[in-house]
Amino acid sequence: MFKKNDSFFDQVQKNTKVRPDELLKLANSVSQSNLKDEATLRDLISRVAAMANKPVSKEKEDQIVAAILNNNMPSDLSSLTKMFNNKN
């Protein structure tokens, strides 16, 4: 199912213990979300943290939200994917 990106998904699962199908389900739900809405962002951060079993402090959550709302990082999944792919 993940032919082209198997190694990417394998690395994500190895590093986060998040299964590829869970990641894709999250990505599909986010693709239709308004990432300029603070409540939506906070919900997304909470879901990702729970999925990865990693706590996110209120301070870190505030920093992430501010970065996205102030256009200091990509605000949609496609741009985020491009950003991560360019770092390889």
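**Group meeting: a five-helix predicted model**

Let's start with one residue. Leaving out residues up to four places away in sequence, Arg47 touches Leu26 and Ser29. Arg47 lies in helix α3. Its C-alpha atom is separated from that of Leu26 by 8.5 Å, and the two residues are 21 apart along the chain. Arg47 counts as partly exposed, at 34% relative accessibility.

Now the whole chain. This is a predicted model. The protein has five helices and zero strands. From the N terminus on, the order is α-α-α-α-α. There are 88 residues, and buried ones make up 22% of them. The accessible surface is about 6,600 Å², and carbon and sulfur atoms account for 52% of that. What about long-range contacts? Take contacts between residues at least 6 apart in sequence: 36% of them join residues at least 24 apart.

Next, confidence. Mean pLDDT for the protein is 78. Of its residues, 77% reach 70 or more. Which helix has the highest mean pLDDT, and which the lowest? Helix α3, residues 38-52, is highest among the elements, at 90. Helix α5, residues 77-86, is lowest, at 56. Over residues 83-88, pLDDT stays under 50. For that stretch the model has one contact beyond four places in sequence. Where pLDDT is low, the predicted coordinates should not be read in detail. I will leave that end alone and turn to α2 and α3.

Helix α2 comes before α3. It covers residues 20-31. Does the length fit? Let me put it properly: what should 12 residues span at 1.5 Å a residue? The expected value is 16 Å, and the end C-alpha atoms of α2 are 16 Å apart, so the two agree. Pro20, Leu26, Ala27 and Val30 are buried in α2. These four cover an arc of only 125° around the axis, so they sit on the same side of α2. Lys25 and Asn28 are on the other side of α2, and they are exposed. Recall that Leu26, one of the buried residues in α2, is touched by Arg47.

At the start of α2 there is a salt bridge to look at. Asp21 pairs with Arg19, with the closest N and O atoms 3.1 Å apart. Asp21 is partly exposed, with a relative accessible area of 42%. Arg19 is partly exposed too, at 41%.

On to α3. Its 15 residues should span 21 Å at 1.5 Å a residue. The end C-alpha atoms of α3 are 21 Å apart, which agrees. Which α3 residues are buried? Leu41, Arg42, Leu44, Ile45, Ala49 and Ala52. They cover an arc of only 160° around the axis, and therefore lie on the same side of α3. On the other side of α3, Ala39 and Ala50 are exposed. Just after α3, Asn53 takes a positive phi of about 55°.

Look again at that buried list: Arg42 is on it. What does Arg42 pair with? One partner is Glu38, with the closest N and O atoms 2.9 Å apart. Both residues lie in α3, four residues apart, about one turn of the helix. Glu38 counts as partly exposed, at 38% relative accessibility.

Another partner is Glu61. Here the closest N and O atoms are 2.5 Å apart. This pair links distant parts of the chain: Glu61 is in helix α4, Arg42 is in helix α3, and they are 19 residues apart. Helix α4 covers residues 58-69. Is Glu61 buried or exposed? Glu61 has a relative accessible area of 16%; the cut-off for buried is under 20%, so Glu61 is buried. Setting aside neighbours within four places in sequence, Glu61 is in contact with Arg42, Ile45 and Val56. Of these, Arg42 and Ile45 are among the buried residues of α3.

Now zoom out on the charges. Side chains of opposite charge can pair when their charged atoms come close. How many salt bridges does the model have? The count comes to seven. Glu38, Arg42, Lys58, Glu61 and Asp62 are linked in a network of them.

To close, the points to take away. Helix α3 has the highest mean pLDDT of the elements. Arg47 in α3 touches Leu26 and Ser29. Arg42 in α3 pairs with Glu61 in α4. And residues 83-88 stay under 50 in pLDDT.

Technical notes
Residues numbered from 1 in each chain as written. Predicted model: local features only at pLDDT ≥ 70, side-chain atom pairs only at ≥ 80, totals over all residues. Heavy atoms only, no water. pLDDT = per-residue confidence, 0-100. Helix = DSSP H or I, 4+ residues; strand = E, 2+ residues; numbered from the N terminus. Contact = heavy atoms within 4.5 Å. Expected span 1.5 Å × (residues − 1). Buried < 20%, exposed > 50% of the residue type's maximum accessible area, 1.4 Å probe, protein only. Arc of directions from axis to C-beta. Areas by Shrake-Rupley, 256 points an atom, 1.4 Å probe, with all protein chains shown as cover. Salt bridge = Lys/Arg side-chain N within 4 Å of Asp/Glu carboxyl O.
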